[in-house]
Amino acid sequence: MCIKPIHIVAAAALWFPLRATPQNAALWTSVKFTGRIAPRWELLADQSLRIYTDDAHLRRYASSLQLSYALHPQVRAGANVCLIRFHRTDDAWETRTRLFAYVQGSTQAGRIELSLYERFQSVLYTSGAPRKDLLRSRLTAALPLAGGRCRPRLGIETRYTLTAGQLDEWRFTAGNRIRLSRHHAIDTFVHCFARPDTPHWRWTTALGIDYIYTF
């Protein structure tokens, strides 16, 4: 049997959750509204929830607003502000503000769409904890199918904490975005996180589903 890119995506989507530690699993979901508001300009509004599946408690919810600009047909830059309510391990709720700026470039390699995403991020804490600055880099390969209505993808991302001077997370992703109509789409994904903070690393996983409305 000929091995095709879609088979690799499907195998990765099955392997990631099996490799991760079940008691650390989480469910992520969000509703997104996005669209062009002027030539080259796009707006994105996002409301998200994250739930830990081991005890079914709400870990965080967040609201964000993003504005981006097409510098080139294959290059986009933008900025985002996000207000986060986070449930800490001491059972207290904390408000965090996340600010970031990003640039993303894309290219075509045969049928595969490749994109590189670079993001500088700062997180501010109302608890008085020091501000955390991060640099996040992500490489994604997507394979449009069925005329672009289906887009399975694989991605790898690193998170480097600038304030601590260390690489503290790898994120591996397998997902698929299905365009239901001109305005509606569903995105399903699995994230597998590797945190090199122990001698044997620490693995966790998150399953997710997003609804996207494009105006």
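What percentage of the 215 residues of the protein count as buried? In this predicted model, the answer is 34% of the 215 residues. The accessible surface of the protein amounts to about 12,400 Å², and carbon and sulfur atoms account for 62% of that area. The secondary structure consists of one helix and eleven strands, and the order along the sequence is α-β-β-β-β-β-β-β-β-β-β-β, with the helix placed ahead of the strands. When contacts between residues at least 6 apart in sequence are considered, 43% of them join residues that are at least 24 apart.

The largest nonpolar core contains five residues in all, namely A26, W28, F189, F193 and A206. Two elements, β1 (26–38) and β10 (184–195), each give two or more residues to this core. In soluble globular proteins, nonpolar side chains tend to be buried together. The surroundings of A206 can be described in further detail: once its neighbours within four places in sequence are set aside, A206 is in contact with A26, W28, F189, V190, H191 and F193. The contacts of A206 thus include V190 and H191, in addition to residues that are listed as members of the core, among them W28 and F189.

Aromatic side chains were examined next, and the count comes to seven aromatic pairs. One of these pairs is formed by Y102 and Y117, which are stacked with a centre-to-centre distance of 5.2 Å and an angle of 25 degrees between the planes. This pair links distant parts of the chain, given that Y102 belongs to strand β5 (residues 93–109) and Y117 to strand β6 (residues 112–125), with their positions 15 residues apart in sequence. Y102 has a relative accessible area of 8% and is therefore buried, and Y117, at 8% relative accessibility, likewise counts as buried. A further stacked pair is that of W170 and F172, for which the ring centres are 6.5 Å apart and the planes are inclined at 10 degrees to one another. W170 is described as partly exposed because its relative accessible area is 27%, and F172, with a relative accessible area of 21%, is partly exposed as well.

Y102 and Y117 also belong, together with F100, to one aromatic cluster. Y117 has a charged partner in addition to its aromatic one, in that the charged end of R138 sits over the ring of Y117 at 4.1 Å from its centre. An arrangement of this kind is also found for R96, which lies over the face of F86 at a distance of 3.9 Å from the ring centre.

Two further positions illustrate how residues separated along the chain are placed in space. A174, which lies in strand β9 (residues 166–179), has a relative accessible area of 2% and is therefore buried. The C-alpha atoms of A174 and R153 are 5.8 Å apart, although 21 residues separate the two in sequence. I112 lies in strand β6, the strand that also holds Y117, and with a relative accessible area of 22% I112 is partly exposed. Between the C-alpha atoms of I112 and P144 the separation is 7.5 Å, while the two residues are 32 apart along the chain.

Methods: Residues numbered from 1 in each chain as written. Predicted model: local features only at pLDDT ≥ 70, side-chain atom pairs only at ≥ 80, totals over all residues. Heavy atoms only, no water. Helix = DSSP H or I, 4+ residues; strand = E, 2+ residues; numbered from the N terminus. Buried < 20%, exposed > 50% of the residue type's maximum accessible area, 1.4 Å probe, protein only. Contact = heavy atoms within 4.5 Å. Areas by Shrake-Rupley, 256 points an atom, 1.4 Å probe, with all protein chains shown as cover. Core = buried A, V, L, I, M, F, W, Y, C linked by side-chain atoms within 4.5 Å. Phe/Tyr/Trp six-rings, centres within 6.5 Å; stacked < 30°, edge-to-face > 60°. Lys NZ or Arg CZ within 6 Å of the ring centre and 35° of its normal.
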